[in-house]
Each structure stands twice: as C-alpha cells, then as structure tokens.
Amino acid sequence: VSPLIALMKDQVDALQARGIPSTFINSSLELRDMDERMQDVRDRSIQILYVAPERFASDRFRRLLGEIDIGLFAIDEAHCISQWGHDFRPDYRLLANQISQLKNRPTVAAFTATATPEVKKDIIDRLALQEPHVYVRGFDRPNLHFFAQSSMKPKARIHEVARLVQSIQGSGIVYTLTRKETEATAEFL
C-alpha cells in the first residue's frame with residue numbers, strides 16, 4: 001500500500017528493470033487496464049502489486065484479494081495510520097480491517113521514516129501487529145544535506161537559494177512557508 005501514484009510508478013519501473021513482475025492499480029488507469037492487471041494478479045504473473053489505501057473501497061478489488069494468497073502486505077508511509085489518517089488519508093485507518101478480511105493473514109510490514117515512539121505504538125496497535133519486530137534506523141543519511149536560514153530578507157533569501165542550487169550537484173528540495181513564496185522561488189530559479 002503506497003499513497004503516491006508517482007512513487008508507485010517509479011518503484012514498478014525499477015522492479016521491472018530488474019526482471020521482477022510487478023504493477024500498480026490506481027486511479028491513473030483506464031478500467032480496461034485495471035481489469036488486465038487484476039487478471040495478471042489472479043494468474044500469479046505479478047509478484048508485487050502497488051495500490052493506494054483507497055483501492056480497498058472497491059468491491060471488485062476486495063473480491064480479487066479474496067481469490068488469492070498474499071505473502072506480504074506492506075504499508076508505506078504507515079505514520080498516516082496514526083498521525084494523519086483521520087484527516088489526510090482516512091482509508092489508512094481501515095487497513096487493519098481489510099487485512100483481517102483476507103483469506104489468510106499474510107505477514108504485515110509497516111514502513112515510515114517519521115514515527116515517534118507514540119506513533120510506532122499506535123501503528124502496531126491499529127494494525128493489530130502480532131509480536132512485531134521493530135527496526136529503527138538513525139536519521140543520519142549521508143546523501144541528505146539540510147540548510148536552514150532564518151531572519152533573512154526576501155531578496156537575500158532568494159539569492160542564497162540560488163547560490164545553494166548552483167553549488168550542489170544533483171536534486172534538491174526548497175521549502176518555503178507559503179504557496180506564494182514557493183511560486184516566486186520556482187519562477188526565479
């Protein structure tokens with residue numbers, strides 16, 4: 001279960017490039033394409049299927065899950081079950097019920113990079129995880145660099161952003177406080 005269509009596509013592309021039969025079913029597909037992919041799942045020609053939590057609202061999809069054995073039910077961005085599930089993506093809160101309705105309970109894995117101890121406990125409780133193994137990796141990511149500046153005037157701030165963009169190789173993300181500032185920064189860059 002993954003909340004982002006673009007991420008699903010990127011991950012499926014990477015898996016397919018490695019020869020791993022995988023696909024996604026989401027709202028970006030025509031009904032005919034969804035039907036084909038669901039048949040591939042039934043035929044077991046797909047090993048990994050990505051779906052958004054909202055997909056479980058579909059009776060057709062739930063019937064499909066009732067026809068197959070699932071070895072692993074993995075949930076990405078699992079903090080949504082706890083922190084934002086009721087507002088941001090309400091269907092995350094329903095996943096435990098969806099898992100309980102499967103023919104056989106699969107191994108359940110929940111992944112997040114933003115869980116406080118309280119959120120971890122809430123994820124475990126809400127998913128009814130049974131004797132879970134909890135792995136916590138540190139936040140030190142050598143490939144990530146953070147820069148924060150405060151008390152800068154708008155003109156100085158935009159020039160500092162430009163300086164950083166020019167001095168760093170690869171991709172980056174610039175956070176701003178408002179949509180207006182985001183649009184102005186994007187236009188400037």
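**Group meeting: a walk from the surface to the core and back**

Okay, let's start at helix α8, residues 179-188, because that's where you'll find Phe188. Keep in mind that this is a predicted model. So, is Phe188 buried or exposed? Somewhere in between: its relative accessible area is 39%, so Phe188 counts as partly exposed. And Phe188 has company out there. Together with Val165, Val174 and Leu189, Phe188 makes a nonpolar patch on the surface, and the four add up to about 340 Å² of accessible area.

Now let's head inside. The largest nonpolar core has 35 residues. Which of its members touch the most others? That list is Val1, Phe56, Leu65, Phe73, Ile75, Leu95 and Leu127. Take Leu127, if you have the structure open. Skipping anything within four places in sequence, Leu127 is in contact with Ile75, Ile81, Leu95, Ala96, Ile99, Arg105 and Ala110. Two names on that contact list, Ile75 and Leu95, also turn up among the core residues with the most contacts to other members.

Next, go to the start of the chain. Ser2 sits in the segment before α1, which runs 5-17. Ser2 has a relative accessibility of just 1%, so we call Ser2 buried. What does Ser2 touch, once you drop residues up to four places away in sequence? Quite a list: Leu7, Met8, Tyr50, Val51, Ala52, Pro53, Asp76 and Tyr92.

On to charges. How many salt bridges does a search of the whole structure find? Eleven, and I'll show you three.

One is in helix α1, where Asp13 and Lys9 lie four residues apart, about one turn of the helix. Their closest N and O atoms are 2.9 Å apart. Both ends are partly exposed, with Asp13 at 36% relative accessible area and Lys9 at 42%.

Another is Asp69 with Lys103, with the closest N and O atoms at 3.9 Å. This pair links distant parts of the chain, 34 residues apart: Asp69 is in the loop between α3 (59-67) and β3 (72-75), while Lys103 is in the loop between α5 (95-100) and β4 (107-110). Again we have partly exposed residues, with Asp69 at 41% relative accessible area and Lys103 at 46%.

The last one on my list pairs Glu160 with Arg163, and here the closest N and O atoms are 2.7 Å apart. Both belong to helix α7, residues 154-167, and they're three residues apart, about one turn of the helix. Arg163 is partly exposed too, at 44% relative accessible area.

That's my tour, thanks.

Methods. Residues are numbered from 1 along each chain as its sequence is written. This is a predicted model: local features need pLDDT of at least 70, side-chain atom pairs count only at pLDDT 80 or more; totals for chains, interfaces and linings use all residues. Side-chain values use heavy atoms; hydrogens and water are left out. Patches are made of residues with over 30% relative accessible area and no salt bridge: like charges are joined within 9 Å, nonpolar side chains (Val, Leu, Ile, Met, Phe, Trp, Tyr) within 5 Å. Accessible areas come from the Shrake-Rupley method with a 1.4 Å probe; for residues, only the protein chains shown count as cover. A salt bridge is a side-chain nitrogen of Lys or Arg within 4 Å of a carboxyl oxygen of Asp or Glu. Helices (H or I, at least four residues) and strands (E, at least two) are DSSP runs, numbered from the N terminus. Buried means under 20% relative accessible area, exposed over 50%, partly exposed in between (1.4 Å probe, protein chains only). A nonpolar core is a set of buried Ala, Val, Leu, Ile, Met, Phe, Trp, Tyr and Cys residues joined through side-chain atoms within 4.5 Å. Contact means heavy atoms within 4.5 Å.
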